[in-house]
Amino acid sequence: MTPDVRDEARRADRPARAESRDEGGGGPRSAIAEADWDRALRLISAADEVALSCHVTPDGDALGSMLAVGFALRSLGKRVVASFGDRHFAVPRLLRFLPGQELLVPPEEFPAEPALMITFDSSTFERLGLLRANTAGAREVIVVDHHPSNEGFGTLSLIDSTAAATAVLAEQLIYRLGGRLDRDIATCLYAGLVTDTGSFRHSSTTPAVHQMAARLVATGLRTDEIARELWDRSPFSYLKVLAEALERVMLEDGLVWTYVTRVDRAAYGLPYAEVEGIIDIVRRTDEAEVAVVLKEDDQGAWQVSTRSKGAVDVGAVCVALGGGGHHNAAGYTSHDSVEETMAAFRRELGKA
């Protein structure tokens, strides 16, 4: 990157960098050192091709952040390839409205030993799924993430746990590269921002989050259409599986929980990705501080989603059980039975 382009990027970066501090409380700036940002820019500037990845079964923040940066890199003349490491590679139905999916390739077509790889929203190496071998073979790996449990599995970490979403860091990276927001990039970033702030309902929603949203909306994107795609659509089969899950829901001492089996989904032809939203229904229970939903994936493992209303750090609980996440939203994988999985969770919850 030439000096004049870098100067321009720094000037353009000013509104975006406000995103990483609490404007209402005068909190600290981004936890990411300027030296790390500079090294990331140098690595990207020197690369002819950049390989992008995000965590398996991507949500709006993971896929949106990755595609937004992919757009920006392509506009700078870089060859871009993007993927996620699911065995059955397919963009979740709720995210098929996102632009930029022409950048995506299945895991088997991803570079085996990329010179430069950037991961998005993946808190652990394991969350990269089938792309773990590619990551291990990469010469340089930049980890872009906002999960406090991320210890940095790459050669360079752009991790800020104070950021409301990985999309916040993706926007900063785009500005620092000298990129500009257009409607496609903004749509991807907005999907990430609203996903991880719970449509601006979570405690991570600061004035700076709304300022970022304003920048994105100013490009002309339709927030009503994005909201409809993310939250107001589901196949009829989802209602049938939801009914099964709610029929077996349990409330015990401040904990509400249920589970969804492969058999439940197979009976109605519902893909695994469609059951993610069940936790948001279960967590509404007034009598419970913590909500848990166990979802059996296609390989027979239980993907455990947890939510807290604030008094309990479910992120710490999930880290102790081999997973990760945030204070109020976290998860992990269990290969035990439902009974054994919940017994282990209760033990860790008691410590919290």
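This is a short tour of one sheet and two helices in a predicted model. Residues are numbered from 1 along each chain as its sequence is written, and side-chain values use heavy atoms, with hydrogens and water left out. Because the model is predicted, local features need pLDDT of at least 70 and side-chain atom pairs count only at pLDDT 80 or more, while totals for chains, interfaces and linings use all residues.

**The sheet.** Six strands (DSSP E runs of at least two residues, numbered from the N terminus) form an open, mixed sheet in the order 6-7-8-9-11-10. Strand 6 and strand 10 (324-325) are at the edges with a single partner strand each, so one side of each has no neighbour in the sheet. Two strands pair if DSSP finds at least two bridges between them.

**Select 250-260.** Strand 6 (residues 250-252) pairs with strand 7 in the antiparallel sense over three bridges. The two form a hairpin with two residues between them, and Asp253 in the turn has a positive phi of about 50°. Five of the six residues of strand 7 (residues 255-260) are buried (under 20% relative accessible area, 1.4 Å probe, protein chains only), so strand 7 is largely enclosed by the rest of the structure.

**Select Val256.** Its bridge partner in strand 6 is Leu251, and in strand 8 it is Ala291. Strand 7 and strand 8 (residues 290-296) run parallel, joined by six bridges.

**Select 302-308 and 329-334.** These are strand 9 and strand 11, antiparallel and joined by six bridges. Arg307 has Ala329 as its bridge partner in strand 11.

**Select 207-217.** In helix 7 (a DSSP H or I run of at least four residues), the buried residues are Ala208, Val209, Met212, Ala213, Arg215 and Leu216. They fall within an arc of 160° seen down the axis (from directions between the helix axis and the C-beta atoms), so they line one face of helix 7.

Conventions:
Buried < 20%, exposed > 50% of the residue type's maximum accessible area, 1.4 Å probe, protein only.
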